[in-house]
Amino acid sequence: KIKAGLRQLLGLGSHGIDPILHGLRGEIVGGESGVRQRGPHRRDILRKHAERLAPLLVMLAGNGADANALEPFLPDGLRGRLFGVARLNPREATPAQVHAAALEVRETHKRAEEAALLAEVEARAGEGWAVNGVGDTLAALHRGQVRTLLVSADASEPGWRCSGSGRLVRSPAECRAEGEALPVVDVIDDAIEEALRQHVSVNVVYGREIAAGVHGLAALLRFK
């Protein structure tokens, strides 16, 4: 779902991850029809690309603690792609059971990743290294401060773009001397597009309890 995060998770260098993200940005902005995508479709694209990357991840499976015992012996490249462990009997497991176990482990991994990111936002907000809320996040995004963007999957609201500066805002009054306030169908989706353009790590939060802690948008910052 994400540059720094995917690079670390998959153990890929910049040359390995950049083509993936280039295709992702192109699909969001253009799409197959060449029309700018709107609404939740952009978030669907992010999820689709995460699923496309799934074969690059590694799950260990075995009886009891047997699978965990294999982790220290994985090559560094594979250890960096490990996303979980499942309990399966290798002699009896069917392809369908392996697939179901992989989906469950991946979901657990994703929820844990989301929880860790939100915990970091909450811990660092008081230090000025994170923001939580649409308005503050849009401002940080315009200043190029955002390192990691968190998006509540169900968040959606109309907004505006200042024609002179390109800044995304929630109210036309915020544009002031920055040109005409142009209406935006969904400022959340436009923020996702802007983040990808800036090569920011984008994490769409689907877990309901965790997403409730993301006030539409939140971000970890690269500088104050």
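This briefing covers model confidence, nonpolar cores, a small sheet, salt bridges and two backbone angles. The structure is a predicted model, and its protein chain averages a pLDDT of 77, with 74% of the residues scoring at least 70. The largest nonpolar core has 24 residues, and 11 salt bridges are found in the structure.

**Confidence**

- Confidence in the protein chain is lowest in helix α1 (residues 3-10), where the mean is 38, and highest in strand β3 (residues 130-132), where it reaches 96.
- Over residues 1-39 the pLDDT is below 50, although this stretch has 80 contacts in the model beyond near neighbours in sequence.

**Nonpolar cores**

- Within the largest nonpolar core, of 24 residues, those with the most contacts inside it are Leu138, Val146, Leu149, Val151, Ile188, Val202 and Leu217.
- Two or more residues of this core are given by each of α7 (134-142), β4 (146-152), α8 (187-197), β8 (201-205) and β9 (217-221), and the largest share, 6 residues, comes from α8.
- A second, separate core has 11 residues, among them Leu118, Ala130, Ile210 and Leu220.
- As a general background to such cores, nonpolar side chains in soluble globular proteins tend to be buried together.

**The three-stranded sheet**

- An open sheet of 3 strands follows the order β6-β5-β7, and its pairing is antiparallel.
- Strands β6 and β7 stand at the edges with a single partner strand each, so one side of each is left without a neighbour in the sheet.
- Strands β5 and β7 run antiparallel and are joined by 4 bridges, and Arg161 stands opposite Leu182 in β7.

**Salt bridge between Asp190 and Arg161**

- The side chains of Asp190 and Arg161 meet in a salt bridge, with an N to O distance of 3.3 Å.
- Because Asp190 lies in helix α8 and Arg161 in strand β5, this pair ties together parts that are 29 residues apart in sequence.
- The accessibility of the two partners is given separately: Asp190 counts as buried at 3% relative accessibility, whereas Arg161 is partly exposed, with a relative accessible area of 24%.

**Glu157 and its surroundings**

- Glu157 forms a salt bridge with Arg170, in which the closest N and O atoms are 3.0 Å apart, and the pair links distant parts of the chain, with Glu157 in the loop between β4 and β5, Arg170 in the loop between β6 and β7, and their positions 13 residues apart in sequence.
- The side chains of Glu157 and Arg170 also make a polar contact, again at 3.0 Å.
- Glu157 counts as buried because its relative accessibility is 18%, which falls under the 20% cut-off, while Arg170, at 42%, counts as partly exposed.
- Leaving aside residues up to four places away in sequence, Glu157 touches Val134, Arg170, Val185, Asp186, Val187 and Ile188; of these, Ile188 is one of the residues with the most contacts inside the largest nonpolar core.

**Charged pairs in and around helix α6**

- Arg124 forms a salt bridge with Glu120, the closest N and O atoms being 3.7 Å apart.
- Both Arg124 and Glu120 lie in helix α6 (residues 95-125), where they are 4 residues apart, about one turn of the helix.
- Arg124 is partly exposed, with a relative accessible area of 27%, and Glu120 is likewise partly exposed, with a value of 29%.
- Glu107, Lys110, Arg111, Glu113 and Glu114 are joined into one network by salt bridges that share partners.
- In general terms, side chains of opposite charge can pair when their charged atoms come close.

**Positive phi outside glycine**

- Arg176, although not a glycine, has a positive phi of about 45 degrees; Arg176 lies in the loop between β6 (168-169) and β7 (181-184) and is exposed, with a relative accessible area of 75%.
- His199 is a further residue other than glycine with a positive phi, near 65 degrees; His199 is found in the loop between α8 and β8 and is partly exposed, with a relative accessible area of 41%.

Definitions and conventions
Residues numbered from 1 in each chain as written. Heavy atoms only, no water. Core = buried A, V, L, I, M, F, W, Y, C linked by side-chain atoms within 4.5 Å. Buried < 20%, exposed > 50% of the residue type's maximum accessible area, 1.4 Å probe, protein only. Polar contact = N/O pair within 3.5 Å; in protein donor to acceptor, adjacent residues only side chain to side chain. Contact = heavy atoms within 4.5 Å. Salt bridge = Lys/Arg side-chain N within 4 Å of Asp/Glu carboxyl O. pLDDT = per-residue confidence, 0-100. Pairing = 2+ DSSP bridges.
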